[in-house]
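Trainee: I would like to learn how to read strands, helices and their contacts in a model such as this one. Could we take the features one by one?

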Amino acid sequence: MLRASLALLRDFRRALGVRRAAIALPRWLVRREFSVLLVDLSRLRPVQPVAAELEWTPLAEPEIPRLLALNPALVESDVRRWLEAGHECMLARLDGEIVHFRTYVTGRVELPYLGRALRLEEGDVLLGMVYTAPTLRRRGLLSVAARWSAHHVRSRGHRRMVAVIASWNEAPLRAAQKVGMEVVGVAGAWRLGPWRRSFARGRVRFDAAGDLRLPPSG
């Protein structure tokens, strides 16, 4: 818990700077809001060259220690569960070093940060966890990875790509929108001690079972 809290504090500071983080973080602890983005992969812009120096490979068990070293907030048992559940995790290397990773999930996906699940349609894929080495942030790598990612999941037969991104996390929001992802709604929760109240706006909603639902395809 302490490690995750420190990681969140670092991410706020890096994304917003010290002054804006000092305002945004207390609000976030009470009201967590996430933008829900969606792109129809059949409408992707034409393929463009993507940083040839980045090498993409799927995560294999021997590389778990290197992944944990990249992002100390990760827990090894969680990473092993990704592999056991069949979640795809793609690693990006630069000069042989892992500098970025992203996961892809289908079906009904638990979203611990919302305390709810997202129920995806057949053909949908959720862009799960995304992480870039801190030393390479603000250098365009995230936009390159986002463009590669959209074409990658389309090549795997998916029809729509979904992302759920914290409202304060401006860099991944910009990168997602550069590849044509549209904000279709907002979901979140008010939190005060054990009390929690979820909310959804726009074209997303909670169904009778409490799962978050996207606008239908087609």
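Trainee: Which residue is the bridge partner of Met90 in β4?

Mentor: Please keep in mind throughout that this is a predicted model. As a general idea, strands of a sheet pair through backbone hydrogen bonds, either parallel or antiparallel. Here the partner of Met90 in β4 is Arg102, and the two strands concerned, β3 and β4, pair in the antiparallel sense over seven bridges. A further pair along these strands is Glu88, which stands opposite Tyr104 in β4.

Trainee: How many residues lie between β3 and β4 in their hairpin?

Mentor: The hairpin has two residues between its strands, and Asp95 lies in this loop. In general, most residues other than glycine have a negative phi. Asp95 has a positive phi of about 55 degrees although it is not a glycine, which makes the turn a place to look at with some care.

Trainee: Is Asp95 buried or exposed?

Mentor: The cut-off for exposed is over 50% relative accessible area, and Asp95, at 73% relative accessibility, therefore counts as exposed. The strands on either side of the turn read in the opposite way, for six of the seven residues of β3 are buried, and eight of the nine residues of β4 are buried, so β4 is largely enclosed by the rest of the structure. For the chain as a whole, 44% of the 218 residues count as buried.

Trainee: In what order do the strands of the open sheet follow one another?

Mentor: The sheet has eight strands, in the order β2-β3-β4-β7-β8-β1-β9-β10, and its pairing is mixed. At its edges stand β2 (54-58) and β10 (195-202), each with a single partner strand, so that one side of each is left without a neighbour in the sheet. Neighbouring strands are turned against each other by 25 degrees on average, direction ignored.

Trainee: Which strands of this sheet run antiparallel, and which pair in the parallel sense?

Mentor: It helps to walk along part of the order, beginning at β2, which is joined to β3 by five bridges, the two strands running antiparallel; Trp56 stands opposite Ala92 in β3. Beyond the hairpin, β4 and β7 pair in the antiparallel sense over five bridges, and here the bridge partner of Phe101 in β7 is Tyr131. The parallel sense appears between β7 (residues 124-132) and β8 (residues 160-166), which pair over four bridges, with Val125 opposite Met161 in β8.

Trainee: Which strands does α4 touch where it packs on the sheet?

Mentor: Helix α4 touches β2, β3, β4, β7 and β8, and its direction makes about 40 degrees with that of β4. One residue to follow in this helix is His152, which lies in α4 and is in contact with Glu88, Met90 and Tyr104, leaving aside its neighbours within four places in sequence. With a relative accessible area of 11%, His152 is buried, the cut-off for this being under 20%.

Trainee: At roughly how many degrees do the axes of α4 and α5 cross?

Mentor: The axes of α4 (residues 141-155) and α5 (residues 170-178) come within 9 Å and cross at roughly 40 degrees. Angles under 35 degrees would count as roughly parallel and those of 65 to 115 as roughly perpendicular, and α4 and α5 are therefore oblique to each other. The crossing in which α4 passes α5 is right-handed. The contact is made by Leu142, Ser143 and Ala146 of α4 together with Ala171, Pro172, Ala175 and Lys178 of α5, and by class it has five nonpolar, one polar and one charged residues.

Trainee: How many helices and strands does the whole chain have?

Mentor: The chain has five helices and twelve strands. To place the local pairs in a wider setting, you may add that, of the contacts in the chain with a separation of 6 or more, 66% are accounted for by residues 24 or more positions apart.

Technical notes. Residues are numbered from 1 along each chain as its sequence is written. This is a predicted model: local features need pLDDT of at least 70, side-chain atom pairs count only at pLDDT 80 or more; totals for chains, interfaces and linings use all residues. Side-chain values use heavy atoms; hydrogens and water are left out. Axes are lines fitted to C-alpha atoms, for helices over the stretch in contact, and angles run from 0 to 180 degrees between N-to-C directions. Angles under 35 degrees count as roughly parallel, over 145 as roughly antiparallel, 65 to 115 as roughly perpendicular and the rest as oblique. A crossing is left-handed if the near helix is turned anticlockwise from the far one by less than a right angle, and right-handed if clockwise. Contact means heavy atoms within 4.5 Å. Ala, Val, Leu, Ile, Met, Phe, Trp, Tyr, Cys and Pro count as nonpolar, Asp, Glu, Lys and Arg as charged, and the others, Gly among them, as polar. Two strands pair if DSSP finds at least two bridges between them. Buried means under 20% relative accessible area, exposed over 50%, partly exposed in between (1.4 Å probe, protein chains only).
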